[in-house]
Amino acid sequence: MSVWLPGAPCTPRACVETTGSVTAVPRAVPRLVAVVLLVLTGILLSALGRAFPRLWGSVPAGAVRRWSRAVVRAAGVRVRTTGAAAPAGGLLLVANHISWLDIPLLAAVRPARMLAKTEIRRWPVAGAIAARAGVLFIDRDRLRALPGTVDRIAGTLRAGRAVAVFPEGSTWCGRAQGRFRRAVFQAALDARVPVQPVRIRYRADGGGASTAPAFVGDDSLLASLWRVTTARALVAEVEVLPPIAPETHPDRKGLAAAAETQVLGPRTTAPSHAGPRTARSDTLHRTA
């Protein structure tokens, strides 16, 4: 088992509610087309900006936020954001992880560099685009590479940039949840930058929790996209919680625990869930 790839017991069959039907096709197809076009446009503009900074310049943070919200809304999901704006400067954003939708939702809070497995760098076309877009690559299978990865994240934070991380290391359905892994919090301590916790929830039309957006187990991105775009009145709730100053915690264990408590709530019992135990990598590892 990779140090960056913990297991989650959530699976599509055991955890995820179905939404698709024949009558939903006219609603889903335009949404799918809009999402694909927006994502491709965003990736292309970001890559061009990094490849030719003098010609294209950097994409303004406000434009990134609007684009990120547009991707989620194009999928038919309404967004409700609460809490104060995230601080400027170096910042480690951490959030619970349920869906591929979490990535644009975090970018709408504060544009940030994301993490992806090193294998993506070798992918045709996608690898080059991800590198140009500023993705931070990590080697999840080599424990000895962990300190170097933390150093790279800390360097990005010292430069005044934001880095977005899903410390659970795996997607969960939203009813069950994991634990925050500590290693990445060392980067915030080393760079002496705050940690910005963000809580993400998905709700159905009636207000109850919805697992339709979950991207878990052996689920495919296409199946997850179809569930989201065929669903009615999905709502993504994004709560920007109070930032945590690095000096308030002497080590990464305490810092990770404080962020986990804010995002996931106090831990009273070990997580339990029906269904076979299946590992799932971070959504970005699958889709970046």
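# A walk outward from strand β8

Select strands β7 (residues 195–203) and β8 first: they pair in the antiparallel sense over 6 bridges. Keep in mind as you go that this is a predicted model.

**Stop 1: β8 and its two partners**

Now highlight β8 alone, residues 234–240. Of its 7 residues, 6 are buried, so the strand is largely enclosed by the rest of the structure. Add strand β2 (residues 77–82), which pairs with β8 in the parallel sense, again over 6 bridges. To see one of these pairings, pick Thr 81, whose bridge partner in β8 is Val 238. For the β7 side, pick Arg 201, which stands opposite Glu 237 in β8.

**Stop 2: charged pairs**

Switch on side chains here. The structure holds 5 salt bridges. One of them joins Arg 199 and Glu 239, with 2.5 Å from N to O. Arg 199 belongs to strand β7 and Glu 239 to strand β8, so this pair ties together parts that are 40 residues apart in sequence. How buried or exposed are the two ends? Arg 199 is buried, with a relative accessible area of 15%, while Glu 239 counts as partly exposed at 26%.

Next, show Arg 203 and Glu 237, whose side chains meet in a salt bridge of 3.0 Å, N to O. This one also links β7 to β8: Arg 203 is in the former and Glu 237 in the latter, so parts 34 residues apart in sequence are tied together. Arg 203 is partly exposed, at 22% relative accessibility. Before leaving, select Arg 199, Arg 201 and Glu 239 as a group, since salt bridges that share partners join these residues into one network.

For another charged pair, go to Asp 219 and Arg 227, where the closest N and O atoms of the salt bridge are 2.6 Å apart. Both Asp 219 and Arg 227 are buried.

**Stop 3: the nonpolar cores**

Which residues have the most contacts inside the largest nonpolar core? Val 77 and Leu 105 do, in a core of 43 residues. Center on Val 77 and leave aside its neighbours within four places in sequence: you will find contacts with Val 72, Leu 101, Val 228, Leu 234, Val 235 and Ala 236. Another core, of 28 residues, lies apart from this one, and Val 163, Val 195, Leu 241 and Ile 244 are among its members.

Leu 105 is one of the buried residues of α5, so select that helix next, residues 102–109. All 8 of its 8 residues are buried, so α5 is largely enclosed by the rest of the structure. Besides Leu 105, the buried residues of α5 include Asp 102 and Pro 104.

**Stop 4: a threonine in α7**

Jump to helix α7 (residues 146–158) and pick Thr 156. With 9% relative accessibility, Thr 156 counts as buried. Beyond the neighbours within four places in sequence, Thr 156 is in contact with Arg 113, Leu 136, Arg 161 and Val 163.

**Stop 5: two loops with positive phi**

Most residues other than glycine have a negative phi. Where can you find an exception? Arg 192 has a positive phi, near 55°, and lies in the loop between α8 (183–191) and β7. Arg 192 is exposed, with a relative accessible area of 59%.

Finish back at β8, in the loop that joins α9 (221–230) to that strand, where you will find Ala 233. Ala 233 also has a positive phi, about 55°, although it is not a glycine. At 26% relative accessibility, Ala 233 is partly exposed.

Terms used: Residues numbered from 1 in each chain as written. Predicted model: local features only at pLDDT ≥ 70, side-chain atom pairs only at ≥ 80, totals over all residues. Heavy atoms only, no water. Core = buried A, V, L, I, M, F, W, Y, C linked by side-chain atoms within 4.5 Å. Buried < 20%, exposed > 50% of the residue type's maximum accessible area, 1.4 Å probe, protein only. Contact = heavy atoms within 4.5 Å. Helix = DSSP H or I, 4+ residues; strand = E, 2+ residues; numbered from the N terminus. Pairing = 2+ DSSP bridges. Salt bridge = Lys/Arg side-chain N within 4 Å of Asp/Glu carboxyl O.
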